[in-house]
Amino acid sequence: MALTDDVFPMDSRRDFLRRFVKSGFGLLAFLFGATLLRFLYPSQVRTRQLLYHPLLKEDDIPRQGVRRVHLTYDKGEKTITMRLFLVHAGADIFALSSSCTHLGCLVDWSRHKEQFVCPCHGGKYDMQGNVMAGPPPLALARMPLKIENGVVYIGIKE
Amino acid sequence: MGRLFDWVDRRFSLSTPHKNFLQRGIPARLSYLYCLGGIAFTLVILLVLTGMMLSIYYVPSEAEAFQSVLRITREVRLGALIRGLHKWSANLLILFILLHTLRVFLHKAYRPPRELNWIAGAFTLVLTLSSGFTGYLLPWNQKAYWATVVSTNMVSTVPLIGRHLLYLVRGGPEIDGTTLVRFYSLHVLWLPLAMGLVLWAHFHMVKRQGISGGL
Ligand code: HEM
Ligand code: FES
């Protein structure tokens, strides 16, 4: 008994445990600080630029009315395909995003009703993208579009 | 570090009043079951820390909430981890409060003079469930939206005033941006503050009344 008490006196064990627990908390605080800094640091420090991707030939723009098209482009290693609408209304040509401004379901053009119809909660938009009915708070977004050398390009923020 | 702490403490005098509590002897009969409440409290701390972090990137608006949550999971560094921690600790918190309650119940630790602390404990459960309920709407996706449509519909079944209660909860007849913002405010401001207050009372009573005799 005397032997163990000499080698491991009670007080030093208590001290050891106290230090052990304290360093545990110190380690936790350090890990949390490091995580916090990493989380707060912006994931992208370059300013994001508008990149134009080819969509189709100028000849394929509808004479008048709406055409559903798919834009395919590469982002990093991923290939992204998105549905959008090319609209020719009077003299205006523009591209509308297909995501409903309510909760982001994909709307479709109903030729029969002459409206964009959202399948989720009954949102409806006219040919210009303005809200006609349902919960959507905003018009369908117009996407940057340019026509160069007979090709239609759509701009996407990288 | 220790010296700096001592310097502050000699003026602020924080450790002396707590020394007796933090370093008191603990009855030998206590078991790990007595840790359940402490685990729940640890989860609350984790929720507050991860919640404060999420609130840096989360945008509580009709048009941007969903996108901002996507951005947290996909782009923000460690975003998915922090969001996952918030979600898991929210769920585990409910579990551990219930287990802690069970322990207190089986040990008959709710008997006088501890009735008020049982009541305080019940409030933490109500506050936790309310936080979970308001937090669930925040991702602003289909599941969140419809879950809240269904659950807020329930208050409209209250006789006579049901319809007005529904408008009160939703901030209008439908679930829209107004609902999102009031749920957000409750979730990150009102409920955590109330939780802090109730937990302070809870621990204060534990300190004053000591741990009960158990079985
Ligand atoms: C009692 C404590 C809390 C509980 C039970 C709780 C619960 C929840 C739940 C269930 C969600 C939905 C999670 C998801 O689907 O990803 C959520 C989201 C969120 N919470 Fe909390 N929370 C609590 C405290 C806090 C605090 C203190 C803050 C901020 C100060 C906070 C900020 C947020 C934010 C910004 C979101 C949305 C981000 C997201 O959905 O990932 N929470 N919370
Ligand atoms: S998502 Fe389109 S109406 Fe709700």
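# Exercises on a two-chain model

Beyond residues up to four places away in sequence, S89(B) touches L43(B), L46(B) and L47(B). Touching, or contact, means heavy atoms within 4.5 Å. The model is predicted, so local features need pLDDT of at least 70 and side-chain atom pairs count only at pLDDT 80 or more, while totals for chains, interfaces and linings use all residues. Residues are numbered from 1 along each chain as its sequence is written, chains are lettered from A and ligands numbered from 1 in the order in which they are written, and side-chain values use heavy atoms, with hydrogens and water left out.

## Exercise 1: three helix residues

Place S89(B): in which helix does S89(B) lie, and is S89(B) buried or exposed?

Step 1. Find the element. S89(B) is part of helix α5 of chain B. Helices (H or I, at least four residues) and strands (E, at least two) are DSSP runs, numbered from the N terminus.

Step 2. Check the accessibility. S89(B) has a relative accessible area of 2%, so the residue is buried. Buried means under 20% relative accessible area, exposed over 50%, and partly exposed in between (1.4 Å probe, protein chains only).

Step 3. Follow the side chain. The side chain of S89(B) comes to 2.3 Å from the backbone oxygen of L85(B).

Now do the same for V198(B): which residues does V198(B) touch, not counting those up to four places away in sequence?

Step 1. V198(B) sits in helix α9 of chain B. With 18% relative accessibility, V198(B) counts as buried.

Step 2. V198(B) touches A120(B), F123(B), T124(B) and L127(B), again not counting residues up to four places away.

Step 3. Compare sequence and space. V198(B) and T124(B) are 74 residues apart along the chain, and their C-alpha atoms are separated by 6.8 Å.

Finish with D9(B): in which helix is D9(B) found?

Step 1. D9(B) belongs to helix α1 (residues 2–12) of chain B.

Step 2. D9(B) counts as buried, at 12% relative accessibility. Leaving aside neighbours within four places in sequence, D9(B) is in contact with L14(B) and S15(B).

## Exercise 2: the nonpolar cores

Name the residues of the largest nonpolar core that touch the most other members.

Step 1. Fix the term. A nonpolar core is a set of buried Ala, Val, Leu, Ile, Met, Phe, Trp, Tyr and Cys residues joined through side-chain atoms within 4.5 Å.

Step 2. Read off the members. The largest core has 19 residues, and Y58(B), W140(B) and L180(B) touch the most other members.

Step 3. Find the suppliers. In chain B, α3 (36–57), α4 (65–74), α7 (142–155) and α9 (177–209) each give at least two residues to this core.

Step 4. Look for another core. Apart from this one lies a core of 15 residues, among them L43(B), F96(B), I97(B) and M205(B).

Step 5. Return to W140(B). Leaving aside neighbours within four places in sequence, its contacts include H102(A) and L103(A), as well as F66(B) and L180(B).

## Exercise 3: around ligand 1

How many residues surround ligand 1, and which are the closest?

Step 1. Count the shell. 20 residues surround ligand 1, and the closest are G51(B), R83(B), H86(B), G135(B) and H187(B). The shell takes residues with a heavy atom within 4 Å of the ligand.

Step 2. List polar atom pairs. A side-chain N or O atom of R83(B) is 2.7 Å from an oxygen atom of ligand 1. H86(B) places a polar side-chain atom 2.8 Å from a nitrogen atom of ligand 1. For H187(B), the distance from a polar side-chain atom to a nitrogen atom of ligand 1 is 2.7 Å.

Step 3. Name the main contributor. α3(B) gives the largest share of the shell, six residues.

## Exercise 4: a sheet in chain A

Give the order of the open four-strand sheet that contains β2 of chain A.

Step 1. The order is β2-β3-β4-β9 (chain A), with antiparallel pairing. Two strands pair if DSSP finds at least two bridges between them.

Step 2. Find the edges. β2 and β9 (142–143) of chain A are the edge strands, each pairing on one side only.

Step 3. Take one pair. β2 (residues 65–75) and β3 (residues 78–89) of chain A pair antiparallel over eleven bridges. G65(A) stands opposite H88(A), and D74(A) opposite T79(A).

Step 4. Close the hairpin. Two residues lie between β2(A) and β3(A), and G76(A) in the turn has a positive phi of about 60 degrees.

Conventions. A polar contact is a pair of N or O atoms within 3.5 Å; within protein, one must be able to donate a hydrogen and the other to accept it, and residues adjacent in sequence count only if both atoms are side-chain atoms.
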